Amino acid sequence: MTQSHPRISKAVIPAAGLGTRFLPATKATPKEMLPVVDKPAIQYVVEEAASAGLDDVLMITGRNKRPLEDHFDRNYELESALQKKGDAGRLAKVQESSDLATMHYVRQGDPKGLGHAVLCAAPHVGNEPFAVLLGDDLIDPRDPLLKRMVDVHEQYGGSVIALMEVEPEQIHLYGCAAVESTADGDVVKVTGLVEKPDAADAPSNYAIIGRYVLDPHVFDILRTTEPGRGGEIQLTDALQQLADDEKVGGPVHGVVFKGRRYDTGDRGDYLRAIVRLACEREDLGPDFRTWLRSYVTEEM
């Protein structure tokens, strides 16, 4: 198929959640700023967008989220202090976050769900396709999921969602997709979606994970979407309408992801993500793995 659809340049990162699963740590600190080794989780997400060529990033924030803006801004006092010390290594790390992308911010106001958060991006995005990245899902940079999704959008148009096969007993934790195969082995056509179904009612074990490439027609649908599961405006419900009528916004495809994903939205998975990433670091891994083996052996 000829690649004729426009390549996207804008990314939207919803970051207005309260982080209640991490209380009391998130009472005064945004959950997105919790460190994963030595970087806040949100920086991994912005780095992923930038590496896929999306250098225009809109963050949907809320109250008590000012540290997000501060993190991606310049800190001249700190930079000056590091320069005077001749600490070029730490200076580069501090400047890295402010040089990643052109950052924009808008407040969601009322927390009415992911669909409503995405709708808040409409004035900034306009009539362009765009990506949505959820901060709870960290994708290993060695497995460039978002770049692949952008390529699939360029090929097929419409919208593209990230899917991952999960155990049937876990499907109730995710949005779920009914799919048909395509000529591309890792790409499926999405024929239906349902938010957090019971295992017995799930159309498949393909779970939606936190990466989307969306056609701008989704905004028109979200403006009239009624609250769904949990009393929130669900992005899944809007995507279902796009899948039902390809004349409005094109088809919906899914990229089946089999790479490395770190879930930081759950306390246990957050800890596992830190351990896995620390073990793989060249500067931390050797000593940390030695200690970890010793600790596990002693505890066993």
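This passage describes three helical regions of a predicted model, namely the packing of α3 against α4, the burial of α1 and the setting of a glutamine in α9.

Two packed helices are described by the angle between their axes and the distance between the axes. In the predicted model, helix α3, which spans residues 76-85, and helix α4, which spans residues 88-98, have axes that come within 9 Å and cross at roughly 160°. Because angles over 145 degrees count as roughly antiparallel, α3 and α4 are therefore assigned to that class with respect to each other, and the crossing in which α3 passes α4 is left-handed. On the α3 side the contact involves Leu78, Glu79, Leu82 and Gln83, which meet Arg90, Leu91, Val94 and Gln95 of α4. Classified by residue type, this contact of α3 with α4 comprises 4 nonpolar, 2 polar and 2 charged residues. An α-helix has 3.6 residues a turn, so residues three or four places apart point the same way.

Helix α1, formed by residues 41-51, is mostly covered, with 9 of its 11 residues buried. The buried residues of α1 are Ala41, Ile42, Gln43, Tyr44, Val45, Val46, Glu47, Glu48 and Ala49. Following α1 is glycine 53, for which phi is positive and near 90°.

Glutamine 240 is located in helix α9, which covers residues 235-244. With a relative accessible area of 19%, glutamine 240 is classed as buried, because that class is defined by a value under 20%. When residues up to four places away in sequence are not counted, glutamine 240 touches Thr191, Gly192 and Leu193.

How values were computed
Residues numbered from 1 in each chain as written. Predicted model: local features only at pLDDT ≥ 70, side-chain atom pairs only at ≥ 80, totals over all residues. Heavy atoms only, no water. Axes fitted to C-alpha atoms, helices over the stretch in contact; angles between N-to-C directions. Helix = DSSP H or I, 4+ residues; strand = E, 2+ residues; numbered from the N terminus. Parallel < 35°, antiparallel > 145°, perpendicular 65-115°, else oblique. Left-handed = near helix turned anticlockwise from the far one by under 90°. Contact = heavy atoms within 4.5 Å. Nonpolar A, V, L, I, M, F, W, Y, C, P; charged D, E, K, R; others polar. Buried < 20%, exposed > 50% of the residue type's maximum accessible area, 1.4 Å probe, protein only.
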